[in-house]
Amino acid sequence: MEHSGLIAEALVRLEPISIDDYVSEVLPATFELWGDGRTFERYAEDFRNVAGSAYGRRRPFTLGLRDGGRIVCSCKNYDRELRVATRTLRATGIGAVFTPDAQRGRGFASLMFGAMLDAERAAGRDLAFLYSDIHPAFYERLGFATLPSRLITLRAASLDGSHAGAAPLEAKDWPAVRRCFDAVDRTRAWSFRRTPLVWDWMRSRWNAPPTAGAQSVHLVVRRGRAVIAYVIGRRVLRQDALVIDDFAFDGEEGRAALEPLLRAAAGDLSRVTGWLPPEGARNALPRGSVRARKSAILMVAPLSTAARAWWAENKDAIAHSGADTTWSGDHI
C-alpha cells in the first residue's frame with residue numbers, strides 16, 4: 001500500500017510479529033547484517049531458540065509495523081530489570097531494529113519507536129535501552145541518551161602466567177558461577193539484574209556452537225565446591241585474540257586468580273580483548289588499551305519519574321567513569 005511516500009498512520013500499526021512470520025519475512029533481510037558467519041539455518045535456529053525460550057515468551061519478543069500487511073519496520077523486545085540499590089526499575093531492551101531498504105526514509109522507525117515507548121510508559125515501564133549500530137543522533141532525537149561504550153585490549157604476555165588451577169566449566173558449575181558473578185555485582189550501586197531467566201538466556205547463547213574460526217573457552221577456578229573465578233569467551237584466530245564475553249571473581253583469592261585464568265584462556269593467542277567491564281571488575285584488570293566502540297553503543301531513555309531521578313543523579317558519574325556500565329552478555 002503506497003501513500004505517496006508519506007505514512008498514513010491510521011493504516012500502520014504496532015503489533016506482535018509471530019516467530020514464523022519473523023523467520024520468513026525479517027530474517028532473510030537481516031542475515032547479511034547480523035549473520036556473523038553462521039549459515040541461514042543456524043541464524044534462524046538461534047532466533048527460534050531465544051524466542052521460544054521461557055525468557056523470550058515472557059512478553060511479545062518481536063514487534064513491528066505493518067503497512068498493507070507487509071512488515072515495514074521491526075525490532076526485538078527484551079525484558080530486563082535495573083537494580084538501583086534496593087529498588088528495582090523495570091526496563092525494556094530494544095534490539096535488532098530494522099527497516100527494509102524499500103521502506104527507508106519514510107519515518108517508519110520513528111513511528112515504531114514513538115508507539116513502543118508510549119506503550120511501555122503506559123504499561124508502567126521505567127526505562128528503555130538499546131545498543132546502537134548506527135550514529136546515535138537518530139536515537140537521541142527520540143529521547144535516548146548515549147553512554148560510554150568502549151573496548152579494552154590487553155597483551156596476553158603481560159598477564160600473570162602463574163598456575164591458577166583453571167579447569168573447564170561444567171554444567172554443575174553454573175550455580176556457583178552465578179554466585180561468583182553476584183559477588184562482583186553487589187559492589188556496584190546499580191546494574192542490570194540477572195534473574196534466573198536472564199541467566200538461562202545468556203547461558204544458551206554462550207553454549208551455542210561458535211561461529212567459523214572461533215573456539216569457545218569457558219574456564220573456572222574452583223576451591224572446593226565454590227567457583228572463585230571464571231571466564232567465558234572465544235578464541236578468535238583471525239583476531240589473534242581471546243574475546244571475553246563475561247568474567248567475575250569472588251574475594252581476594254579469586255581476584256588474584258583472574259589474570260592467570262585469562263592467560264590460560266588465551267592459550268597461544270597474543271591478545272585479550274572485550275567490552276570494557278563495569279566497576280568492580282574493571283579494577284581487577286591491568287590498564288590496557290581502551291578505545292570507543294564503533295558499534296553496540298549503549299543508549300537509555302528514562303520513561304518514569306523514578307528513572308529520570310536515577311538518570312539525573314548518575315549521568316555525570318557515568319560519563320566520567322573509567323569503567324562502562326554493562327557487560328557484553330547484556331547486548332541485545
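**A sheet and two helices**

In this predicted model, strand S12 (residues 241–249) runs parallel to strand S13 (residues 271–275), and the two are paired over four bridges. One of the residues involved is Ala241, whose bridge partner in S13 is Arg271.

These two strands belong to an open sheet of seven strands with mixed pairing. Read across the sheet, the order is S8-S10-S11-S12-S13-S7-S14. Strand S8 (166–168) and strand S14 (289–292) are at the edges; each has a single partner strand, so one side of each has no neighbour in the sheet. From one strand to the next, the twist averages 30°.

Next come the helices. Helix H5 (residues 174–185) packs on the sheet, where it touches strand S10 (214–223), strand S11 (226–236) and S12. The direction of H5 makes about 95° with that of S11. Helix H6 (residues 196–207) also lies across S10, S11 and S12, and runs at about 125° to S10.

How do the two helices meet? Two packed helices are described by the angle between their axes and the distance between the axes. For H5 and H6 the angle is about 115°, and the axes are 12 Å apart. H5 is therefore roughly perpendicular to H6. The crossing of H5 past H6 is right-handed.

Which residues make the contact? H5 contributes Trp174, Val177, Arg178 and Phe181, while H6 contributes Pro196, Trp199, Arg203, Trp206 and Asn207. Sorted by class, the contact of H5 with H6 has six nonpolar residues, one polar residue and two charged residues.

Note on methods:
Residues numbered from 1 in each chain as written. Predicted model: local features only at pLDDT ≥ 70, side-chain atom pairs only at ≥ 80, totals over all residues. Heavy atoms only, no water. Pairing = 2+ DSSP bridges. Axes fitted to C-alpha atoms, helices over the stretch in contact; angles between N-to-C directions. Contact = heavy atoms within 4.5 Å. Parallel < 35°, antiparallel > 145°, perpendicular 65-115°, else oblique. Left-handed = near helix turned anticlockwise from the far one by under 90°. Nonpolar A, V, L, I, M, F, W, Y, C, P; charged D, E, K, R; others polar.
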